[in-house]
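Hi,

Here is the structure I promised to pass on. Have a look at it first, and then read my notes underneath.

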Amino acid sequence: MVSDLFLAEDASYTKTEQQIIEFICQNPSSFLTVSISQLARRLEVSDATVSRFARHAGYRDFKDLKTAVAQAMEGAGPAEKLKESISSENSAGLERFLLHQQSCIQKTLDRIDEEAFSKAVTAICQAPSVYIHGKGASRSLAQLLAFRLKRFGKNVCLLPSGGSELFEDLVHAESGDTLITFGFQKLPAESKVLLKQGRDMGCRTILFCSRIYAELDPKDPIRLFVYRGEPEEYHSMTAAMAVLDALVLEIAAVMGESAVGRLDRLHQMKRQYRDQLPG
């Protein structure tokens, strides 16, 4: 993985350097084609800043860093093999889109931290209450996750998207509860507030995100990485939905009969009243 190039135990990067890392990890192919000046202009930093970063990261110079990235990408697997198919003029719109989503899912699988995934499962299973927040398009993910977890018998609160109404429900959270939010390319202000307040209240926090470099901060919440494409591309929720579904299935497996039993009772109730309440 390209991100492994920057994850040394003693690594400590500035915010600007983290932005450079983020670009490289999200766009490794593009990084290999740009000069140091082109990269600097794109990230709105100086050439000297990029040069210093390469040395700080442990490489002789910018060229040496490029070589390391290229080597990390060798044999990258199915995601890279799909790239040519995705850009082929012979691919129809539907085929091209689905191939791209397949690529996003594969890159998500390549980069997601499985230990973080396991921690997220444990945090949700053990929490007396789970608070879920999503804003904009991510609201649909929050609603689906809340729906699934309620079916397992979890005490779930779907928080408002924004405004001070957030605190009307969050004030009831207690130490040991779990708070989940979504912030892919950019972390919403509401998510920043919720994550900070959650930590202050002793809650475990989970963030679905698309930013690699932020994983370097040990004070951050449990992060579930989702690759949704490069910054200038249309960002689908396909890969995010796949990770969310995998999370739900693993939670069901860990909860066992306490989750399955409730689903059985739900099915029985629907069958009992299907003539009175069809659908």
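The side chains of E190 and K135 form a salt bridge, with nitrogen and oxygen 3.0 Å apart. Keep in mind while you look at this pair that the model is predicted. The two partners come from distant parts of the chain, 55 residues apart: E190 sits in helix α11 (residues 189-200), while K135 belongs to the loop between β1 (129-133) and α9 (139-151). Their surroundings are worth a glance too. E190 is buried, because its relative accessibility of 15% is under the 20% limit, whereas K135, at 40%, is partly exposed.

Helix α11 has another salt bridge to show you, between K196 and D200, at 2.9 Å from N to O. Here both residues lie within the helix, four residues apart, or about one turn. K196 is partly exposed at 47% relative accessibility. D200 comes out at 52%, so it counts as exposed, the cut-off being over 50%.

Then there is D64 with R60, whose side chains also meet in a salt bridge, this time at 3.6 Å between N and O. The two ends of that pair sit in opposite settings: D64 is buried at 17% relative accessible area, and R60 is exposed at 66%. As a general point, side chains of opposite charge can pair when their charged atoms come close. The total for the structure is four salt bridges, and the ones described here are among them.

Now for the backbone. Which residue has a positive phi although it is not a glycine? That would be E44, with a phi of about 60 degrees. Most residues other than glycine have a negative phi, so a value like this is worth a look. E44 is in the loop between α3 (36-43) and α4 (47-56), and at 75% relative accessibility it is exposed.

The helices on either side of that loop pack against each other, with their axes 8 Å apart and an angle of about 110 degrees between them. That angle falls in the 65 to 115 degree range, so α3 and α4 count as roughly perpendicular. On the α3 side the contact is made by I36, S37, L39 and A40, and on the α4 side by D47, V50 and S51. Sorted by class, that gives four nonpolar residues, two polar and one charged.

Last, the cysteines. How many disulfides turn up in a search of the whole structure? The answer is zero. If you want to check individual cysteines, try these. C25 is found in helix α1 (residues 15-26) and is buried, at 1% relative accessibility. C209 is likewise buried, at 1%. C125 has a relative accessible area of 19%, so it still counts as buried, the limit being under 20%.

While you are at C25, take a look at V69 as well: the two are 44 residues apart in sequence, and their C-alpha atoms are 9.1 Å apart in space.

If you only have a few minutes, I would start with E190 and K135, the pair that links distant parts of the chain, and then go to E44 for its positive phi.

Cheers

Technical notes:
Residues numbered from 1 in each chain as written. Predicted model: local features only at pLDDT ≥ 70, side-chain atom pairs only at ≥ 80, totals over all residues. Heavy atoms only, no water. Buried < 20%, exposed > 50% of the residue type's maximum accessible area, 1.4 Å probe, protein only. Helix = DSSP H or I, 4+ residues; strand = E, 2+ residues; numbered from the N terminus. Axes fitted to C-alpha atoms, helices over the stretch in contact; angles between N-to-C directions. Parallel < 35°, antiparallel > 145°, perpendicular 65-115°, else oblique. Contact = heavy atoms within 4.5 Å. Nonpolar A, V, L, I, M, F, W, Y, C, P; charged D, E, K, R; others polar. Disulfide = S-S within 2.5 Å.
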